[in-house]
Amino acid sequence: MESVRTRFAPSPTGYLHVGGARTALFNYLLARRLGGKFALRIEDTDQTRNIEAADAKLLEDLRWLGLQWDEGPQAGGPFGPYYQSQRRDLYEEHVRRLLDAGQAYYALETREELEAMRKAAIAAGEKGFRYRRPTHFPSDAEVRRARDAGRPVVVRFKMPERDFVVHDQILGDVTIGAQELSDFVIVKNDGWPTYNYAVVVDDALMQVTHVLRGQEHLMNTPGQLALYEAFGYAPPAFAHLPIIFNMNGTKMSKREKDKVVRDAVKVAQLDDERVAELAGVDDAALVAAWRRGDTQLPGPALEKLARALAVHLPEIDIHDFRKSGYLPEVLVNFIALLGWSPGGGERERFTLAELCREFSVERIGKTNARFDREKLLAFSTAALEAASAERKLEGLRDWLSVNERGPLSGLDDALLARLIELCRGFRTFADVEYKCGALFVPDEALRYDPKAVKDVLLKGDGAGAKVLQELKPLLAGLADWTAPHLDEVLRRYAEERGLGLGKVAQPLRVAVAGTTISPQIGETLVLVGRERTLARIERALGALPAAT
RNA sequence: GCCCCCAUCGUCUAGAGGCCUAGGACAUCGGCUUUUCAAGCCGGCGACAGGGGUUCGAAUCCCCUUGGGGGCGCCA
């Protein structure tokens, strides 16, 4: 029996997004489960869409998730090259076969002509437009003349005029009628193969046995099956995965980020110039096109613009989640459950290794799923709680490495590990900074949250401020600046004054952290240190409106 | 518009004719705990889209309706 081979074949248009990650994961899991090979192939045949170094980002994201491929870029393998752009001779050779056998032909229509035909068909009340096979195919001489004249030349495949049945592993048998099929383009005017054609040549040559891909590819399958037949290759088993949506029901796509920012721009009523300035781009045409919704802005520009407008970009790419502070194993676990379920019991926490053992195509569902970030957050919280100290430190350092310098940058491992401990119950690594960041900011850069100042220091005739005044000498005189001792001293002070500990700890917290959020008060003061604690109390008191 | 796919709590799902008074998880609500933010613990609310069949019996099978999604590119 021949061994199982799966593949993930993304086009390098940017970071790996959630949908792609799940497709990659499922293919990886299937290969692992069945003891086969998982290959990675880069589909970079669209010269207009390729983005510089996007494949490197893709590889990094895949690796970060732990989905190591057995064959592909950087890994090599017996069926390379693994970039479609380097396989052109293979495609040409196969087209030759089709052309010689009369199973494909040249077509010379321009895009405008096709568009006109499309319009005419609709005007004539036909149901949808389908390319009609010409009665006469251009001769070699005509093709040459067309090329010389700069007219487009493509190659179309002669689609057999019959129904096709896709034996889908998830959906069952799906019949697509002959009237839905037409002679599709297999070689573009620029000489590169189209997806529907290259994917067949590559999967066949790479001996792929199982293709797990998004359901948006279902209707492509008949054409591909026909190509397998034409070449005399055995088709792989197909399984079309349900699609992943956002919670609001919109498709989870990279465009989502542009949309969010575009809407913010609209609300802010910014003109093109201002947008270009904020985004740091000097291409006026690009900005205009982007505002119309015709194109996407480069990642960095979009992020810059989003920051300037103070809008949160939705997490779409795996890299976004990494930057938000999730552990890769959390994403893997969560994504695995989008469309697949173990069945039987009630378990839903799995490591990658466990998934490799449990996964099966039979247990993939048919219904589309929504990506619930709340549940992801809950998974993250639980995973962080269960993770070892080493794993958490590693995760925090990774998070720091993909984010801009912040208050936690540059802290040593011992201190970072300490912070993690103090943040028990945190949901993502970003929470560690949220909770402890202020303690490591230079004193002069510390910001006081107006609401916290008002509620904790000023309220009740400045009761909080009064506590701070009294605490100042008390703290200044302490010889033992350790968390247990500080807690004890504050507890005693609160008792003497007949106050709840909150009435004492909160004012201190606001003075020292600028907000009502920080680790346990004793620990907080230790992290800030005696000198800076006293200085910050002084500064907080000084910044208050005249005491009443 | 045409073709195809799908349909269980708000969300992810378990369920493969009687084990279902429909189970779990997240969210939500209430309580406990409490020096903040979280976390944690206990409890509550909450679904078989609708209508026809088939059957002794249907969330499970069939049909229709409705709703959602995908496709109809020289994108992948």
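In this predicted model, phenylalanine 129 makes contacts with Leu114, Met117, Arg118 and Ala121, leaving aside residues up to four places away in sequence. Phenylalanine 129 itself sits in the loop that runs between helix H4 (111-123) and helix H5 (140-148). Its relative accessible area is 24%, which makes phenylalanine 129 partly exposed. Serine 182 lies 53 residues from phenylalanine 129 along the chain, and the C-alpha atoms of the two are separated by 9.7 Å.

Attention turns next to the nonpolar interior. The largest nonpolar core holds 104 residues, and the members that touch the most others are Leu65, Phe359, Ile364, Phe371, Leu475 and Leu508. Apart from this core lies another, of 38 residues, including Ala146, Phe157, Val201 and Phe231. In soluble globular proteins, nonpolar side chains tend to be buried together. Leucine 508 offers a handy view of the packing in the largest core. With residues up to four places away in sequence not counted, leucine 508 touches Leu468, Leu471, Leu475, Leu490, Ile521, Leu525 and Ile537. Leu475 thus appears twice, as a contact of leucine 508 and as one of the members of the largest core that touch the most others.

The cysteines make a neat little case for a distance check. Searching the whole structure returns 0 disulfides. Cysteine 423 takes part in none, and the nearest cysteine sulfur, at 3.5 Å, belongs to cysteine 436. Seen from the other side, the closest cysteine sulfur to that of cysteine 436 is in cysteine 423, and the 3.5 Å between them is too far for a bond. The pair goes uncounted because a disulfide requires sulfur atoms within 2.5 Å. Both residues are buried: cysteine 423 has a relative accessible area of 2%, while cysteine 436 stands at 0% relative accessibility.

For readers interested in open space, the second largest pocket has a volume of about 1,000 Å³. Its lining comprises 31 residues, of which Arg307, His312, Lys323, Ser324 and Asn403 are the closest to the pocket centre. Four helices, H11 (299-309), H12 (318-324), H16 (389-402) and H18 (429-436), are the elements that give two or more residues to this lining. By residue class, the lining of the second largest pocket divides into 14 nonpolar, 7 polar and 10 charged residues.

Note on methods:
Residues are numbered from 1 along each chain as its sequence is written. Chains are lettered from A and ligands numbered from 1 in the order in which they are written. This is a predicted model: local features need pLDDT of at least 70, side-chain atom pairs count only at pLDDT 80 or more; totals for chains, interfaces and linings use all residues. Side-chain values use heavy atoms; hydrogens and water are left out. A nonpolar core is a set of buried Ala, Val, Leu, Ile, Met, Phe, Trp, Tyr and Cys residues joined through side-chain atoms within 4.5 Å. Buried means under 20% relative accessible area, exposed over 50%, partly exposed in between (1.4 Å probe, protein chains only). Contact means heavy atoms within 4.5 Å. On a 1 Å grid over the protein atoms alone, a cavity is a set of points where a 1.4 Å probe fits but cannot get out, and a pocket is an open set with protein on both sides within 12 Å along at least five of seven lines; lining residues have an atom within 4 Å of a point. Grid points are joined across faces, edges and corners, and a volume is the space filled by probe spheres set on the points. Ala, Val, Leu, Ile, Met, Phe, Trp, Tyr, Cys and Pro count as nonpolar, Asp, Glu, Lys and Arg as charged, and the others, Gly among them, as polar.
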